[in-house]
Amino acid sequence: MPEFMTSLSLTDSLGQLFGLVALAFCIAGFANKNDDRLMVLLISANVAFALMFAFFESWTAAALTVLVIVRIALARKYQGNWAILAAMLTVNALVAWATWRTATDVFPLAAAVLGTIGMFLLRGIPLRIVLGLAAFCWMLNNIVIGSVGGTLAEGMVLVTNIITIIRLYQLQKKYPDFRPGD
């Protein structure tokens, strides 16, 4: 067994495992052309991410990821609702303030803000672009905390997102009335 694997504590091993589980859900979600299915798969991925962050004791990321799950559910039902968007942004800021430990906690906060704005206000290609920027912020956080699974997950989210954006663009070009949420 590689030395890397034998030197991991149980909590680090579980953190890595949940990062890989999140990876699988992320790939399935971002490869999907249907926005509703994307949201359901992202909820599953974020449960795994929250557990991963908890095992790595990245508390701001863990708390904001729990809010990501709530945000996804609310954004599906109240897409475009500015009052709920503002409330979610406020709660994100308060949770980040309450759990803040290091300067790198800015990465999960930036990711949460981008994701919240994207999910409440955008659809299709613009949604995936903003979620790609959020994934980049999450990836930076995962690099800092040392999560191999989480870093791979967010890297794959970026790649899969780019591929799906290209696919959506081609579909919209071929079928001008095509809408990803349909």
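The largest cavity encloses about 200 Å³ of space. The structure is a predicted model, and one cavity of 30 Å³ or more is counted in it. Its lining is made up of 19 residues; F30, L42, N46, W138 and E154 are those nearest the centre of the largest cavity. Six helices, α2, α3, α4, α6 (106-121), α7 and α8, each contribute at least two residues to the lining of the largest cavity. The largest share comes from α3, with five residues.

**Confidence**

The protein chain has a mean pLDDT of 90, and 96% of its residues reach 70 or more. Among the elements of the chain, the lowest mean pLDDT, 57, belongs to helix α1 (residues 3-6), and the highest, 98, to helix α5 (residues 82-99). Where pLDDT is low, the predicted coordinates should not be read in detail.

**Aromatic pairs**

There are three aromatic pairs in the structure. Two of them are set out in the table, with centre-to-centre distance and angle between the planes.

| Pair | Centre to centre | Angle between planes | Class |
|---|---|---|---|
| F18 and F55 | 5.8 Å | 5° | stacked |
| F53 and W138 | 5.3 Å | 25° | stacked |

The pair of F18 and F55 links distant parts of the chain: F18 belongs to helix α2 (residues 10-30) and F55 to helix α3, and 37 residues separate them. F18 has a relative accessibility of 21% and therefore counts as partly exposed, since buried means under 20%. F55 is also partly exposed, at a relative accessible area of 26%.

The pair of F53 and W138 ties together parts that are 85 residues apart in sequence, because F53 lies in helix α3 and W138 in helix α7 (residues 124-145). F53 is buried, with 1% relative accessibility. W138 is buried as well, at a relative accessible area of 9%. These two residues form one aromatic cluster together with F49. W138 is also one of the residues nearest the centre of the largest cavity.

**T160 in helix α8**

T160 is located in helix α8 (residues 148-174). With a relative accessible area of 9%, T160 is buried. Leaving aside residues up to four places away in sequence, T160 touches I27, F30 and A31. Of these contacts, F30 is also among the residues nearest the centre of the largest cavity.

**Annotated spans**

An unreviewed UniProt entry lists residues 47-70, 82-100, 106-122 and 151-169 under "transmembrane region". In the model, the span of residues 106-122 is 94% helix and 0% strand, and its end C-alpha atoms lie 23 Å apart. Residues 151-169 are 100% helix and 0% strand, with 27 Å between the end C-alpha atoms.

**A loop residue with positive phi**

E57 is placed in the loop between α3 (35-55) and α4 (59-77). E57 is not a glycine, yet it has a positive phi of about 55°. Both helices that flank this loop are among those that supply at least two residues of the lining of the largest cavity.

How values were computed. Residues numbered from 1 in each chain as written. Predicted model: local features only at pLDDT ≥ 70, side-chain atom pairs only at ≥ 80, totals over all residues. Heavy atoms only, no water. Helix = DSSP H or I, 4+ residues; strand = E, 2+ residues; numbered from the N terminus. pLDDT = per-residue confidence, 0-100. UniProt positions renumbered as here; feature names shortened; annotations may be inferred. Phe/Tyr/Trp six-rings, centres within 6.5 Å; stacked < 30°, edge-to-face > 60°. Buried < 20%, exposed > 50% of the residue type's maximum accessible area, 1.4 Å probe, protein only. Contact = heavy atoms within 4.5 Å. 1 Å grid on protein atoms, 1.4 Å probe; cavity = no way out; pocket = protein on both sides within 12 Å on 5 of 7 lines; lining within 4 Å. Points joined across faces, edges and corners; volume = space filled by probe spheres on them.
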